[in-house]
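Me: I'd like to get better at reading a fold from the model itself. Could you walk me through one?

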Amino acid sequence: MKLIIAIVQKEDSNKLQRAFVKNNIQATKLSTTGGFLSQGNTTFMVGTADESVDKVLKVIKGESKAREEYMNPNMVTTGFDMGSQPVKITVGGATCFVLPVEEFKRF
C-alpha cells in the first residue's frame, strides 16, 4: 500500500477532486491559503494499492496544469511595489510524494 500526497494550486483543486470521483479514487482534501504569491494550495492524500499508484498519478498530472505568471520580486520580499521589473515564473502543476505505508488501520 502507498500514500500519495499531492499538493496542487487552488485553481486546479476542484477539477482534480471531480476527476478523483469520476475515477473512483477516494481522497482526503486539505485546503490552505497563503504561501508563495499569496495563492492557496490544496493537499490531497490518497491511500492506494501499489498497483494503482500509476493510475492515481496519471489523474493528478492530467488535472494539474503549470502556467506562467508575472510577479514583482519586491512584492514577495517587502510587500511593497518598489518599481522593479516583473519576473516571469511558472506556478501550478502538482508536487507529489509517494510514500510506503508501513501499517494501515481504520478505527
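Reply: Sure, we'll go through the sheet, the helices, the core and two buried residues, keeping in mind that this is a predicted model.

Me: Let's start with the sheet. In what order do the strands run, and how do they pair?

Reply: When you read a sheet, go by neighbours in space rather than by numbering. Here 4 strands make an open sheet, ordered E2-E3-E1-E6, with antiparallel pairing.

Me: Which strands stand at the edges?

Reply: Look for strands with a single partner. Those are E2 (28–32) and E6 (94–100), so each has one side without a neighbour in the sheet. From one strand to the next, the twist averages 15 degrees.

Me: And how many bridges join E2 and E3?

Reply: E2 and E3 (residues 41–48) pair in the antiparallel sense over 5 bridges. For a concrete pair, take Thr-32, whose bridge partner in E3 is Asn-41.

Me: Where do the helices sit relative to the strands?

Reply: Ask two things of each helix: what does it touch, and at what angle does it run? H1 (residues 10–22) packs on the sheet, touching E1 (2–9), E2 and E3, and its direction makes about 25 degrees with that of E3. H2 (residues 53–63) lies across E1, E3 and E6, running at about 5 degrees to E1.

Me: What about the core: which residues touch the most other members?

Reply: The general idea is that in soluble globular proteins, nonpolar side chains tend to be buried together. In this model the largest nonpolar core has 13 residues, and Leu-16, Phe-20, Val-56 and Ile-60 touch the most other members. At least two residues come from each of E1, H1, E3 and H2, with H2 giving the largest share, 4 residues. To see one member's surroundings, click on Phe-20: beyond its close sequence neighbours, its contacts include Phe-44, Val-46, Val-56 and Ile-60.

Me: Now a polar one. Is Ser-13 buried or exposed?

Reply: Check its relative accessible area against the cut-off, which is under 20% for buried. Ser-13 lies in H1 and comes out at 4%, so it is buried. Its side chain reaches the backbone oxygen of Lys-10 at 3.0 Å. Setting aside neighbours within four places in sequence, Ser-13 is in contact with Val-8, Lys-29, Thr-42 and Phe-44.

Me: And Thr-43, buried or exposed?

Reply: Same test. Thr-43, in E3, has 16% relative accessibility, so it counts as buried. Leaving out neighbours within four places in sequence, Thr-43 is in contact with Ile-5, Ala-6, Ile-7, Thr-28, Lys-29 and Leu-30.

Key:
Residues numbered from 1 in each chain as written. Predicted model: local features only at pLDDT ≥ 70, side-chain atom pairs only at ≥ 80, totals over all residues. Heavy atoms only, no water. Pairing = 2+ DSSP bridges. Axes fitted to C-alpha atoms, helices over the stretch in contact; angles between N-to-C directions. Contact = heavy atoms within 4.5 Å. Buried < 20%, exposed > 50% of the residue type's maximum accessible area, 1.4 Å probe, protein only. Polar contact = N/O pair within 3.5 Å; in protein donor to acceptor, adjacent residues only side chain to side chain. Core = buried A, V, L, I, M, F, W, Y, C linked by side-chain atoms within 4.5 Å.
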